[in-house]
Amino acid sequence: MSFLVLSVLKDGKRYYGYDLINEIKKQTETGIAEGTLYPLLNRLKTENLVTAVWIEQESGIPRKYYEITNLGKNTIQEMKSYGTQLNNIIEKI
């Protein structure tokens, strides 16, 4: 799931949790539950792969928006490379 979250965030846009869930579903047709997403985002934040910022809304309820870091962008490239290598190995079998 880390790969999916980082892949969506790599476009540089900030997403809040619910919006991120919808974008993942839209781009991958894969659902992710809030109970899975928020602990994952906290872990990615601890690993410095994403940052989070609270932004006030017109409705008065602030939202926490997540954005990928440079380390996160490098990590997604490494994940893609590893996935390509793994796919090549599987094709050879």
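Among contacts in the protein between residues at least 6 apart in sequence, 46% link residues that are at least 24 apart. The model analysed here is a predicted one. The protein contains four helices and three strands, arranged along the sequence in the pattern α-β-α-α-β-β-α. The C-alpha trace spans about 55 × 25 × 20 Å along its principal axes. Of the 93 residues, 29% count as buried. The exposed surface amounts to about 6300 Å², of which carbon and sulfur atoms supply 51%.

The three strands form an open sheet with the order β1-β3-β2 and antiparallel pairing. The edge strands, each pairing on one side only, are β1, covering residues 15-16, and β2, covering residues 50-55. Strand β3 comprises residues 63-68 and is joined to β2 by six bridges, the two strands running antiparallel. Within this pairing, A52 of β2 lies opposite Y66 of β3, and V53 has Y65 in β3 as its bridge partner. On the other side, β1 and β3 also run antiparallel and are joined by two bridges. Here the bridge partner of Y16 is Y65 in β3. Residue Y65 is thus a bridge partner of both Y16 and V53. In general, strands of a sheet pair through backbone hydrogen bonds, in either a parallel or an antiparallel manner.

Helix α1 spans residues 2-9 and helix α2 spans residues 17-28; their axes come within 10 Å and cross at roughly 95°. Because of this crossing angle, α1 is roughly perpendicular to α2. On the α1 side, the contact is made by L4, V5, V8 and L9. The α2 side contributes L20, E23, I24, Q27 and T28. By residue class, the contact of α1 with α2 divides into six nonpolar, two polar and one charged. An α-helix has 3.6 residues a turn, so residues three or four places apart point the same way.

The burial of α1 was examined next. Six of the eight residues of α1 are buried, so this helix is largely enclosed by the rest of the structure. The buried residues are S2, V5, L6, S7, V8 and L9. Of these, V5, V8 and L9 are buried and also take part in the contact with α2. The cover over the buried residues of α1 is not confined to α2, but also includes β1, α3, β2, β3 and α4, the last of these covering residues 70-92. Elements of the sheet, namely β1, β2 and β3, are therefore included in the cover of this helix, as are the helices α2, α3 and α4.

Two residues other than glycine have a positive phi, and both are placed in loops. E29 has a phi of about 60° and is located in the loop between α2 and α3, the latter helix covering residues 34-46. The relative accessible area of E29 is 75%, so this residue is exposed. N48 has a phi near 60° and is located in the loop between α3 and β2. With 51% relative accessibility, N48 also counts as exposed, given that the cut-off for exposed residues is over 50%.

Key: Residues numbered from 1 in each chain as written. Predicted model: local features only at pLDDT ≥ 70, side-chain atom pairs only at ≥ 80, totals over all residues. Heavy atoms only, no water. Pairing = 2+ DSSP bridges. Axes fitted to C-alpha atoms, helices over the stretch in contact; angles between N-to-C directions. Parallel < 35°, antiparallel > 145°, perpendicular 65-115°, else oblique. Contact = heavy atoms within 4.5 Å. Nonpolar A, V, L, I, M, F, W, Y, C, P; charged D, E, K, R; others polar. Buried < 20%, exposed > 50% of the residue type's maximum accessible area, 1.4 Å probe, protein only. Areas by Shrake-Rupley, 256 points an atom, 1.4 Å probe, with all protein chains shown as cover.
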